[in-house]
Amino acid sequence: MSTLPAKIVHCSISQHWKDVYDFAGKPENMPLWASGLASGLEPEGSDWVAYGPLGTVRVSFVPHNEFGVIDHTVTIESGLRVYNALRIVPNGDGCEVMFTLLKRPGMTDEQFAEDAAHVQRDLGALKSLMEK
């Protein structure tokens with residue numbers, strides 16, 4: 001069994017981790033900071049659905065928890081499923097927000113770097129919202 005190349009994209013936020021988790025973990029807030037979901041998420045059963053350039057995108061979240069985990073699986077109309085590991089971790093009076101980005105098979109190094117930059121911008125947007 002092999003593993004995919006991975007990169008942890010993170011940022012520090014000067015706000016209590018539970019406040020960041022409570023805000024970032026609500027699917028209805030994600031379009032405010034996660035640009036890939038900028039069209040908005042609508043509840044559909046236990047999942048959430050977004051409509052955009054890739055067609056209908058289904059997002060399944062782990063249940064609310066005491067560990068700051070906001071993992072979610074994104075399923076694109078083509079059937080591609082992308083698992084996204086997102087964590088909010090206490091750091092002093094603030095927190096770290098960490099997203100584990102996996103390099104999917106067939107993805108070039110340039111595409112992987114672009115994805116990492118995209119995630120970094122999104123985390124920066126979350127930081128700006130939380131530190132107002």
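Two strands count as paired if DSSP finds at least two bridges between them. Keep that rule at hand. The model used in these exercises is predicted.

## Exercise 1: The sheet

**Task.** Work out the order of the strands in the open sheet, and find which strands stand at its edges.

**Solution.**

Step 1. Recall the background. Strands of a sheet pair through backbone hydrogen bonds, either parallel or antiparallel.

Step 2. Start with strand 1 (residues 6-13) and strand 7. Eight bridges join them, and they run antiparallel. One pair to look up is Ile-13, whose bridge partner in strand 7 is Cys-95.

Step 3. Move on from strand 7 to strand 6 (residues 81-91). Seven bridges join these two, again antiparallel. Asn-91 has Gly-94 as its bridge partner in strand 7.

Step 4. Continue to strand 5. Strand 5 and strand 6 pair over four bridges in the antiparallel sense. Here Thr-73 stands opposite Tyr-83 of strand 6.

Step 5. Write out the full order. The open sheet has seven strands, in the order 1-7-6-5-4-3-2, with antiparallel pairing.

Step 6. Read off the edges. Strand 1 and strand 2 (42-44) each have a single partner strand, so one side of each has no neighbour in the sheet.

Step 7. Add the twist. From one strand to the next, it averages 25°.

## Exercise 2: A hairpin

**Task.** Which residue in the hairpin of strand 6 and strand 7 takes a positive phi?

**Solution.**

Step 1. Find the turn. Two residues lie between strand 6 and strand 7.

Step 2. Check the backbone there. Gly-92 takes a positive phi near 60°.

## Exercise 3: Helices against the sheet and each other

**Task.** Describe how helix 1 and helix 2 are placed against the sheet, then how they cross.

**Solution.**

Step 1. Place helix 1. It lies across strand 1, strand 6 and strand 7, and runs at about 155° to strand 6.

Step 2. Place helix 2. This helix packs on the sheet and touches strand 1 and strand 7. Its direction makes about 15° with that of strand 1.

Step 3. Choose the right descriptors. Two packed helices are described by the angle between their axes and the distance between the axes.

Step 4. Apply them. The axes of helix 1 (residues 17-24) and helix 2 (residues 109-130) come within 11 Å and cross at roughly 115°. The crossing is right-handed.

Step 5. List the contact. Helix 1 supplies Asp-19, Val-20, Phe-23 and Ala-24. Helix 2 supplies Leu-126, Leu-129 and Met-130.

Step 6. Sort by class. The contact has six nonpolar residues, no polar ones and one charged.

## Exercise 4: Salt bridges

**Task.** How many salt bridges does the whole structure hold? Then examine the pairs of Arg-58, Asp-109 and Asp-115.

**Solution.**

Step 1. Recall the principle. Side chains of opposite charge can pair when their charged atoms come close.

Step 2. Take the total. A search of the whole structure finds six salt bridges.

Step 3. Examine Arg-58. It forms a salt bridge with Asp-47, with the closest N and O atoms 3.6 Å apart. Arg-58 is in strand 4 (residues 55-61) and Asp-47 in strand 3 (residues 47-52), so the pair ties together parts 11 residues apart in sequence.

Step 4. Compare with the cut-offs. Buried means under 20% relative accessible area, and exposed means over 50%. At 30%, Arg-58 is partly exposed. At 17%, Asp-47 is buried.

Step 5. Examine Asp-109. Its partner is Lys-103, and the closest N and O atoms are 2.4 Å apart. Asp-109 is exposed at 57%, whereas Lys-103 is buried at 15%.

Step 6. Examine Asp-115. Its side chain meets that of Arg-104 in a salt bridge of 4.0 Å, N to O. Asp-115 is in helix 2, and Arg-104 is in the loop between strand 7 (94-102) and helix 2. Asp-115 is partly exposed at 25%, and Arg-104 is partly exposed at 31%.

Step 7. Look for shared partners. Salt bridges join Glu-44, Asp-47 and Arg-58 into one network.

## Exercise 5: Around Thr-75

**Task.** Where is Thr-75, and which residues does Thr-75 touch?

**Solution.**

Step 1. Locate the residue. Thr-75 is in strand 5 (residues 72-76).

Step 2. List its contacts. Not counting residues up to four places away in sequence, Thr-75 touches Thr-56, Val-57, Arg-58, Leu-80 and Arg-81.

Step 3. Set sequence beside space. Thr-75 and Val-49 are 26 residues apart in sequence and 9.6 Å apart in space, C-alpha to C-alpha.

How values were computed: Residues numbered from 1 in each chain as written. Predicted model: local features only at pLDDT ≥ 70, side-chain atom pairs only at ≥ 80, totals over all residues. Heavy atoms only, no water. Axes fitted to C-alpha atoms, helices over the stretch in contact; angles between N-to-C directions. Left-handed = near helix turned anticlockwise from the far one by under 90°. Contact = heavy atoms within 4.5 Å. Nonpolar A, V, L, I, M, F, W, Y, C, P; charged D, E, K, R; others polar. Buried < 20%, exposed > 50% of the residue type's maximum accessible area, 1.4 Å probe, protein only.
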